[in-house]
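Me: I should like a close look at a single part of this structure, followed outward to whatever surrounds it. Please explain each step for a first-year student.

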Amino acid sequence: MFQPDAFIEALYLVLNWNTLMWLTIGVFVGVGLGAIPGLTTSTGVALMLPLTFTLDITGALGLVIGLYKGALFGGSISAISFATPGAPDSAATVFDGYRMTQKGQGRKALLTSLYSSVTADSLSDVLVILIAPMMALAALQFGPAERTWLMVVAIALLGALSGKHVAKGLFAAAIGLYIGTIGSDPMGGASRNTFGLAWLRDGISLVPLIIGLFAMSRMLEQAVELIHESRLGHKVERKMNDLFSNKEDTLTFREYLSNWREMSIGLGVGSFVGMLPGLGATVASFLAYGIAKRLLPHKRLGTGVMGGVAAAESGNNATAGPTLVPLLAFGIPGSATAALIGGALLLQGITPSPRMFELHADVIYALFTILILANLFNLVIGRGFAFFYAKLGGLPKPVLVPTIMVLAVIGSFATQGNPYDVGVMLFFGFVGFFMRRFGIPEAPLIITFLIAPMLEESMRRAVLISGGDWLGGLLNSPLSLILMGLAVLVLVLSYRMRFSERLEAMAHEQDSQGAADDDATR
Amino acid sequence: MPAYATRFSSLLRSGLLALAASCLALSPMAQADGHGDWPERDIDFIIPFGAGGGSDAWARTISTGAQEHFGVGWNLQNRPGAGATLAWEYLLDQPADGYTAMLSSPTPVMTALMEDDPLVDPLDFKAAAYISAFRSLIVASNDSPMADWDGLKAAAEDSPVVIAGTNALLAGVANIFDQAGLEAVYVPYSSTGEAVSDFLGGHVDLLAATASTALGIVPERGTVVMNTSDIALPEDVEEQLGGNVPIAADFDFEGMRFPRPIGFHPDTPDAVVAEFSRRLETLLTEDESVPAMLDRMGEEVIFMGFPEANEDYVRLVERMRTAIELLD
Amino acid sequence: MQRKPSRRAPAGWWRTNQALGLGIAIAVAVLFAYLWQQDWYHREQRDGFILGFFPGLGLAAMLVTALALTLDRWRHTVVEEIATLDWRDLLWAVVLSAAALSLYALMEPLGMLLPIALFLALMMLLLGLRPWYLAAGLAAAIALIILAVFTLLGIRLPGAFLPLLI
């Protein structure tokens, strides 16, 4: 199977100034773009599309893959520094990342994010290179019924994100369930739940929802606080000069290694989620975060610890390689980004299909080499950006808060060019403000908003295929039975864990009196 | 702060200037050659989808030749929303002076047909040209008894077959099945990827796919049973798909294609629309760079000019209306 | 982490979880009644579900969880942020959201530079940045940087960059 000649050929193709330059530019633009809220990978690649016409195959791949990987990491920079996820997939990073910034550990959080991103990304790429065909075949086993149960497992697992006050977590999940149905019926295509507003027909978009709930709500909260303070005559204490001071905490190798469990969870979840078409990096990062929080209770994820950042970021970056699996194995683009990479291949006259391994082995190897190299570039370029942003995160709040508000407004517009998205963002900014005040967590809302529509679609498809037979449609294979069992198991276990947690909480009631408040679990 | 401001912008600039410069170099800087009345200024070109999709790629590619062939530039505007009809509503709000064009596709037409109270009337559109078209191909797995039309027919007469695909492609198949008097369960998917993976995993019997999707599956894992459109596949594509792909007309069915129309506000003067169509035809067929780029993207130019395209558009809407009713 | 109940309950019943849960439940019930009366709600789809089934399911879940808030063991708790919540805070949140919306609305007629700079300057002053010329200078600088970045990236934003300069 391995063709040494083609591999050497590929190295010649990749290791030249031209390819490396485009890779650098790709990562550079990607990280920069990813860090601006609302501008995601697909925007970036669309903007660069005319440019790829003029490049050779490796240059084009370098640019597109660099941009993709850069943007995946870049999103976390602003999530950590400003609580403003640059892209939806870094929303789960806000919980611990922003809290660390508030504690003055912004730089440490950014480094954790960078290193765990690059680690999970590289390992998932190796996984793809080694077992892409097997992964692809496994993914094919997931038909509508299996996907339905998989979503049920995902939702059951995410009970961890609902926090101590279960009813509030579930209420948030119910909101997500409801707003996820706004739009059109997945089977019939007729619009539903749109309140007679035609523009709601495409549903609520994820980007403005996340910018609103995560960024705008926090900015409103901080602005209201600042208004109180300035009424009371407080001065802005931080000096602008602080920005240029060099006293910063850093991340030791030992600290990096201490997150190995979180990174493994992220790697496993991300790789699995990435290879199934349609799920995406956002689901991966929330799932990884939720599972890590559940499995590692002693790490106290959500209180501003490295582990939370590591789990979420390794989760989303680990999807980068596996998302190409269906593309390489069957020519199916599993995600928007995979479609764009497939487009870049097509531009060079290479149709993504199983034949590619025989006809263009050199290009495949070049693609793999670029996948790995891009991680190294990300490490260097990402580091520069991270430090720069960490400094910006130290700007005085009266400067930062309005600036982020402006970026939230233009970012939610720029993501699709849809003016209504600005309104959606502001609406959810206000909803988020209220939810934060009332102590309702955001994470369950996002998760059900993402997963419930997929669950509905798969379930109805499974039943439609079986001709209206519910039992036969949903339990039609050993795999769906296993997944159903897993869902039940997770539910039972989480109930028991919650019970023991409660006992523990009672025992430590005194200790927890003054503990740091907690974004995700309040 | 000022020090930071400069550092920030220079940081970004240094990386992006190279890109910006190359982008500029790409667009032909030819001088305006328009001597007539129209066009006197840039044309707003509306894409009813967000950046990054197929329509967006078409628009961005064609617009690189705009300056040379129209003497003015095209301002591309992505206006997604409301099942791609928000852009259409915007088009109808603009003056009918030929300075706002829209790249349509089956999606907005389907939205307008499926809604009870659509934003726009699907016929409120003057098609200046069709620039391309989708064909819906029926794909079956190689070892399936449905791998040829007779086998498929026999199976479908026995019990309804299950076919996966996006709504527009399913409508193309429904059009044929209706003519053949066959029953099927049409399973709609929002993403091609999921439909293909369910087909490959054997969870559904058949797949409705475009030619470019089929290229990833056929011949290793599937066979094209029929091209349900009224246009044959390009020779090289047909060859890659195993050759001799049956087309609807072979079985005396009336096939249906899904064009990509470019059009204007319905009140736009015919002379302007015709002039646009003429220049666009030169751009798409005689230009050197644009057709080559489209070819490299795996896209195919299937041009139909004004007024033929506009006359066909009316029939297209009717055909799609019928096909959508068949899906339910 | 759940806040401790404020045992002195200075705020009164209407700030407890119970009251808020009840308020939400009533709002959800009203919404449900509204949706039930819509024609689309009862239209049957090709797989037998009525169009309103899943939205209704979402609302039912909201209703049940909101009612759970009024009954569970934290029902008498007053969350700290709610205890200190002043109606003026909510008003400020609305005003600031409206300001952000008008920022967007003004970008189309006025170009993006002016409204952004104005918004930034006013907000910075409101949030307590002094002296005023620092706020004005920073606002102008940040607006220019945003303008530069988006121009370089070639991303279309509402409005031209400057008024009268299309």
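Reply: **From one residue outward**

Glu262(A) counts as buried because its relative accessibility is 0%, and the limit for that label is under 20%. The model is a predicted one, and every value below is to be read in that light.

Where does Glu262(A) sit in chain A? The residue belongs to helix α11, which covers residues 260-275. Its surroundings can be described by contacts, with neighbours up to four places away in sequence set aside. Under that rule Glu262(A) is in contact with Ala292(A), Leu296(A), Lys299(A) and Leu301(A). The list continues with Gly307(A), Ala310(A), Ala311(A) and Ser314(A). A separation along the chain may be set beside a distance in space: Glu262(A) and Met306(A) are 44 residues apart in sequence, while their C-alpha atoms are 9.4 Å apart.

A second residue of chain A can be examined in the same manner. Ser412(A) also counts as buried, because its relative accessibility is 0%. This serine is part of helix α18, residues 397-414. What does its side chain reach? One partner is the backbone oxygen of Ala408(A), at 2.7 Å. Another is the backbone oxygen of Val409(A), at 3.2 Å. When residues up to four places away in sequence are not counted, Ser412(A) touches Pro208(A), Ile211(A), Leu407(A), Asp421(A), Val422(A) and Met425(A).

The helix that holds Ser412(A) leads on to the contact between two chains. This contact takes 71 residues from chain A and 68 residues from chain C. The size of an interface is often expressed as the accessible area that is lost when the parts come together. For chain A and chain C the buried area is about 6400 Å², and carbon and sulfur atoms give 76% of it.

Which charged and polar links cross this interface? The rule finds two salt bridges between chain A and chain C. In one salt bridge, the side chain of Arg460(A) meets that of Asp47(C), with a distance of 2.8 Å from N to O. The rule also finds three residue pairs in polar contact across the interface, with both residues at pLDDT 80 or more. On the side of chain A that touches chain C, at least two residues come from each of α8 (166-180), β2 (191-192), α9 (206-231), α18, α19 (420-438) and α20 (443-465). The largest share of that side, 12 residues, is supplied by α18(A). Sorted by class, the side of chain A that touches chain C holds 45 nonpolar, 12 polar and 14 charged residues.

The partner chain deserves its own description. Chain C has six helices and zero strands, and from the N terminus its elements follow the order α-α-α-α-α-α. Of its 166 residues, 45% are buried. Among contacts in chain C between residues at least 6 apart in sequence, 61% join residues that are at least 24 apart.

An annotation from a record can be placed beside these computed values. In an unreviewed UniProt entry, "transmembrane region" is assigned to residues 20-37, 49-69, 90-106, 112-129 and 136-155 of chain C. Two of these spans may be looked at in the model. Residues 49-69 of chain C are 81% helix and 0% strand, with end C-alpha atoms 30 Å apart. Residues 112-129 of chain C are 78% helix and 0% strand, and their end C-alpha atoms lie 23 Å apart.

Methods
Residues are numbered from 1 along each chain as its sequence is written. Chains are lettered from A and ligands numbered from 1 in the order in which they are written. This is a predicted model: local features need pLDDT of at least 70, side-chain atom pairs count only at pLDDT 80 or more; totals for chains, interfaces and linings use all residues. Side-chain values use heavy atoms; hydrogens and water are left out. Helices (H or I, at least four residues) and strands (E, at least two) are DSSP runs, numbered from the N terminus. Buried means under 20% relative accessible area, exposed over 50%, partly exposed in between (1.4 Å probe, protein chains only). A polar contact is a pair of N or O atoms within 3.5 Å; within protein, one must be able to donate a hydrogen and the other to accept it, and residues adjacent in sequence count only if both atoms are side-chain atoms. Contact means heavy atoms within 4.5 Å. Buried area is the accessible area (1.4 Å probe) that two parts lose on being put together, summed over both. A salt bridge is a side-chain nitrogen of Lys or Arg within 4 Å of a carboxyl oxygen of Asp or Glu. Ala, Val, Leu, Ile, Met, Phe, Trp, Tyr, Cys and Pro count as nonpolar, Asp, Glu, Lys and Arg as charged, and the others, Gly among them, as polar. UniProt positions are given in the numbering used here, feature names are shortened, and annotations may be inferred rather than shown by experiment.
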